[in-house]
Amino acid sequence: LETTMNLIKNILGRIFAVWAMLLFVITMLLILLPTWAMGLLKEPKRTHWFIQLSRIWIGTWLPLAGIRLKIKGREKFKKGENYVVVCNHNSFMDVPVMSPGMPGPKGNKTIAKIEMARIPLFGLIYKRGSVLVDRKSEESRLKSYTYMKRVLEMGLHMCIYPEGTRNKTDLPLKEFKDGAFRLAIETKKAIIPAVLFNTRKVLPVNKTFFFWPSKIEMHFLAPVETAHLSIADTKQLRQQVFDLMWKYIEENKV
């Protein structure tokens, strides 16, 4: 019986994947022209309007694809403040949910790998909301770090996945890298930890071309202040935020 149920789920998952992909492409094409036109605007207006458009796009696509999104903790974002937001990374669903779902009228940018920006058509949209980085290039990493500082100076939130890559383990989190925490200390911006639940159920890391409609939750935790810290405190801050997020995931599984 269990084998039969797994077979049925695998077949349905592929059918849902076709449906979700078709919806994604169709809705993406509808916003392609205005996204291109936004390139005529200067920052931060370009990102502001792109995020507004993305909220409409993803807010339409998610329910049509069978995804229910619940956001908790919006009040953690103080009016007029911008933050370094650090989020766990379990699935390719994380970025399209996280970026449009983040509160704030000005918008945000997400650190993202440059390879995805080379995909025809989608790459244009991907670039609009991202700070691109080629992890194999030291020069690219330095440029992206400098640009992230500029993003914060413009009043935008900067979203970073401190695990670096998707967490394919059974543990709540992978080890964090220092970049996000050094950035927060250098810019004196508070960190808001964010936790995504169930994105791995939608796009499992161990299955190819599989999509399962589920309820996704995004929880924002209380800000962690950095104004009193120095670069020497980077590792301590990293561990503090890691422990906060690990504990929250363990205690709030949904």
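## A seven-stranded sheet and its helices

Lys72 sits opposite His219, a residue of β7. The strand partners here, β1 and β7 (residues 215–220), run parallel and are joined by five bridges. Helix α8 (residues 234–251) packs on the sheet as well, touching β1, β2, β6 (191–197) and β7. Its direction makes about 30° with that of β6. Keep in mind that this is a predicted model.

Now for the whole sheet. Seven strands make it up, it is open, and the order reads β1-β7-β6-β2-β5-β3-β4, with mixed pairing. At the edges are β1 (68–72) and β4 (130–133), each of which pairs on one side only. On average, neighbouring strands are turned by 20° against each other, direction ignored.

Here are the two helices that lie against the sheet, side by side:

| Helix | Strands touched or crossed | Angle |
|---|---|---|
| α5 (residues 138–153) | β2 (84–87), β3 (108–113), β4, β5 (157–160) | about 165° to β4 |
| α8 (residues 234–251) | β1, β2, β6 (191–197), β7 | about 30° with β6 |

So much for the helices; on to a single residue in β3. Is Thr110, which lies in strand β3, buried or exposed? Thr110 counts as buried because its relative accessibility is 2%, and the cut-off for buried is under 20%. What is Thr110 in contact with, leaving aside its neighbours within four places in sequence? The list is Ser99, Gly129, Ser130, Val131, Met158, Cys159 and Tyr161.

Conventions
Residues are numbered from 1 along each chain as its sequence is written. This is a predicted model: local features need pLDDT of at least 70, side-chain atom pairs count only at pLDDT 80 or more; totals for chains, interfaces and linings use all residues. Side-chain values use heavy atoms; hydrogens and water are left out. Two strands pair if DSSP finds at least two bridges between them. Helices (H or I, at least four residues) and strands (E, at least two) are DSSP runs, numbered from the N terminus. Axes are lines fitted to C-alpha atoms, for helices over the stretch in contact, and angles run from 0 to 180 degrees between N-to-C directions. Contact means heavy atoms within 4.5 Å. Buried means under 20% relative accessible area, exposed over 50%, partly exposed in between (1.4 Å probe, protein chains only).
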